[in-house]
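Please look over the sequence and the model shown here before reading on. The report is written for someone who has not met this structure.

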Amino acid sequence: MSDKKPISSVNDFVVRFANVNGSGSASANELFARAILRHGVPVSPRNIFPSNIQGLPTWYEVRVTEAGHLGARGGVDMMVAMNPQTWDKDVAGIEPGGYLFYDSTKPMPSTKFRDDITVIGVPLTAIANSTYTDPRQRQLFKNIIYLGALAALLDMDPKVIEQLIGEQYKGKEKLLSSNVHALHLGRDWALQNLKCPIGLRVKKSDKVGDRIFIEGNSAAALGAVYGGATVCAWYPITPSSSVAEAFTSHCKKYRHDPETGKAKYAIVQGEDELASIGIVIGASWNGARAFTATSGPGISLMTEFIGLSYFAEIPAVIMNIQRAGPSTGMPTRTQQCDIIACAYASHGDTKHVLLFPEDPAEAFEFAAAAFDLAERLQTTIFLMLDLDIGMNHRLCRPLKWDDARQYDRGKIMTAEMLEEGRDFGRYLDVDGDGIPYRTYPGTHPTKGSYFTRGTSRDRYARYSEEGPVYADNMQRLVRKFETAQDLVPRPLQANAERPTKYGVIYFGSTSPAMDEAIGLLEARGHQLDRLRIRAFPFHSSVASFLAEHDFVYVVEQNRDSQLRQLIVNENGIDPVRLVPIVHYDGSPITARFIAKAIGDHQDHLKVTPLRKAVS
Amino acid sequence: MTYIAKPKFHHPGLKKNELGYTHRDYEGKISTLCAGCGHDSITASIIEACYELSIEPHRVAKISGIGCSSKTPDYFLGNSHGFNSVHGRMPSVLTGANLANRDLIYLGVSGDGDSASIGFGQFAHSIRRGVNMTYIVENNGVYGLTKGQFSATADRGSKSKKGVTNTDNAIDLVAIALQLGATFVARSFSGDKTQLVPLIAAAIRHKGASFIDVISPCIAFNNHAGSTKSFDYVREHNDAVNRLDVLVGRDPIAVDYAPGTVQLVEQHDGSRIALRKIDADYDPHDRLGAMTFLQKHAAKGQIVTGLLYVDPEAEDLHEHLNTVETPLNTLEADTLCPGSAVLDKINASLR
């Protein structure tokens, strides 16, 4: 029936599962991704889900990529179409020559298919119904049955999947054997009734190495545990809730006193984001390491407190797992759209430190570092993740910790220092770096107390509305922000093989797509130097990079090219030299998109010089 | 007058408390509020209560929101850390501070605008959680700093200084605190120091969420005829359920006062509250009864004052969270960080 040659590819294809939310497909799909990893082949899976608990369409996409491209690719080679609601769109989305896998229990009219794809029907419902009587079991095992059929079709080793099931249901023998049974039901049916394997195949390899497979939110939460956070206050909001939930479960494992069983942490689910950040600020003021996790709408609510943190100089760590805005926007879709909102959050003149991890490994490192930075700089530190990093499993280097590492608690004036007669001015810049000393409440009976306030005050924390006193303080805050430049993670530069006048700046979750796009662009003859920004304030090397290139593309996942705005604003450079490359439809940016956008611009620059076009 | 700094010297013969502190050690800067403000009387009562209890002044954290009342922590306990935070957000800041260091005494000072309007939610939730604190609302029914707008505790039908009648229903924070599970609930009047000082002292000794609503007339904007928060009105309508003293194992002061019976309530820390009953039927351990009593008297236009409810066996948020006895802010990497060996195992489980 196919008039297009079926796609043939080993360890390099995209499978997309179309499911109904709440049908129990997520764990089967994740099992599929993990099984491929265990074949030694990198995968990059992504959840595409609605803001809903049951009934709406959800997709799970697995990019199988021996080359290790972890960004979204775009296009679907095999669709596992389990959702009648989205059937037409799902079928239409398959690449020519691709494969359609579906439940053939009920006959479908031929108009529902395409001629240029391979259609593979497996009577999943019929198999499940003839084996199980309980409706819930029928539904759940149907997922495992299709996994078994796919294993046969893609030539996967069933033992690998069995082993994973074994690890998952260790100690629950009944569940273990019934899952393995369902797996073989599907696999056996496919082997007996279909031509196996198809053109898409998984072949054992050794490209995974020692890498780990973890969600960014879980890694960030682990970073908070390792970084010494003791107070977490949060309010549920997608896609950030799993940060606090992961922090809770990590703490339950690693933060209880072995003798007393008591908790070396306090987690409060606030009544809203205002309370959450208030609790964080109260705890940090009192010397504990505290954080909250939220998303765009939460940031909007927190801005008054963020201004207090900036002006009264109280540490705070806010993990912002960005989602598509504005307003409620698309709560379950990814964007990098809160750059400006966070960089300049709150009324009056404010500036805040932002950290941009590219993957879970950096989310772990930067989360831990955020607490050092917050206490060193006595201000809010934003850890800027997004849904793409936060809520998807990502293959990344193993997490590392140096046991010799001590926490940097910043400039704390102790009772001993006060006793020695050290001059304590809460807002006194003694070291020229803009960072004053602080005391914890309760330190000394007669020395070191002060009144913390959001109103203007002098170097000794005394209320003042004198213009020069106010300006002096505001200038010190600028100095402190300059100090921050050299404390935050530096940009990473990677130059093209040949010298080039063109550069590209990118950050955060765009990283894997950008790395892949460089290869595609080189193939088109375009050479680009790369700079991955990892923090704001920008290190001086950003300005150097801009000076060294005629045109710099700024690739980001928002409409208004917010990082570009920030660069222009903070560096005072001609905006014309910064070319925005923006992707903001809520799906993760792809290498194909970047390569096309930059490639087209490059072609345009080279092919039609202005003089020729005019004459 | 208020710009004049308070002199530090004091009479050498000034009386000292158990810890050797004088009254002056519990004072703060000179108040910048209007002369005669009820809030200053509350400040004086806080100073008195802390002196009486022999609290180390620097072991108190004073936290407030925004407004006239929230400025007052600058006027007492000058050797304590104070935090004049964000409008309506004192409860969350206090909650966080309390979580960080359970060893300090937390004094939350707020006003009716701060707690009944913009911060109504935070007031409610901090009470619900049982944060170990003394939460004082200096309640004048009016926005003083912005010159006389009604607050949410202003009674329906009461008149503003400009002659406007309030048509909105009033929020009774005491009733709400009782309903939300506060384990120490009291009301008093800024002009009644004999009642207020022991109430504050008992609240500080109470382990759990203590709430005191102190009616505090605003002499600038809410002390006129037609106001239900004026000195005259409150004096006329005050109906005290009890008088109390706090006994911390010294100077028994609960002697020569007369009316009704005396009931002793032992608190967690061993201190005792001596309740001198004015209303013989009143039982301060009956939450439901307290709510009914309050409503009945409110309907009659009476302002009930005194200790309305106390649960001497109360638990606080730290107990709910099962946190370690050591303050969280003193823990370092050696106890907080699971280390590289654990991380290796975590890595292995993620492959």
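The paragraphs below move from chain A as a whole to its parts, then to the contact with chain B and a strand of chain B.

This is a predicted model, in which local features need pLDDT of at least 70 and side-chain atom pairs count only at pLDDT 80 or more, while totals for chains, interfaces and linings use all residues. Residues are numbered from 1 along each chain as its sequence is written, and chains are lettered from A and ligands numbered from 1 in the order in which they are written.

Chain A holds 20 helices and 23 strands, where helices (H or I, at least four residues) and strands (E, at least two) are DSSP runs numbered from the N terminus. Along the principal axes, the C-alpha atoms of chain A fill a box of roughly 85 × 80 × 40 Å. The radius of gyration of chain A is 27 Å, which agrees with the value near 25 Å for a compact globule of 615 residues; this radius is taken over C-alpha atoms, and the globule rule is 2.2 Å times the number of residues to the power 0.38. Of the 615 residues in chain A, 53% are buried, a residue being buried if 20 or more other C-beta atoms, placed from the backbone, lie within 10 Å of its own.

The domain bounds of chain A, which come from an automatic or database domain assignment, are listed here.

| Domain of chain A | Residues |
|---|---|
| domain 1 | 9–201 |
| domain 2 | 214–396 |
| domain 3 | 411–488 |
| domain 4 | 492–612 |

Between the C-alpha centres of domain 1 of chain A and domain 3 of chain A there are 60 Å.

Arg73(A) sits in the loop between β4 (57–65) and β5 (76–81) of chain A. Arg73(A) counts as buried because 22 other C-beta atoms lie within 10 Å. Leaving aside residues up to four places away in sequence, Arg73(A) touches Val14(A), Arg63(A), Thr590(A) and Arg592(A), contact meaning that the C-beta atoms, placed from the backbone, lie within 7 Å. Although Arg73(A) and Ala591(A) are 518 residues apart along the chain, their C-alpha atoms are separated by 6.5 Å.

The buried residues of α8(A) include Val243(A), Phe247(A) and Cys251(A), and the buried residues of this helix pack against elements of chain A, among them α7 (216–226) and β13 (316–322).

Where chains A and B touch, 53 residues come from chain A and 48 residues from chain B. On the side of chain A, α9(A) gives the largest share, 9 residues. In addition, β17(A) runs parallel to strand β2 (residues 81–84) of chain B, joined by 3 bridges, and two strands pair if DSSP finds at least two bridges between them. Within this pairing, Arg453(A) has Asn84(B) as its bridge partner.

In chain B, strand β3 (residues 105–111) has 7 of its 7 residues buried, so it is largely enclosed by the rest of the structure. Ile105(B), Leu107(B), Val109(B) and Gly111(B) point one way from β3(B), whereas Tyr106(B), Gly108(B) and Ser110(B) point the other way. With strand β1 (residues 60–64) of chain B, β3(B) pairs in the parallel sense over 5 bridges, and Ile63(B) stands opposite Gly108(B). The pairing of β3(B) with strand β4 (residues 133–139) of chain B is also parallel, over 5 bridges, with Ser110(B) opposite Val137(B).

Definitions and conventions: Buried ≥ 20, exposed ≤ 12 C-beta atoms within 10 Å, placed from the backbone. Contact = placed C-beta atoms within 7 Å.
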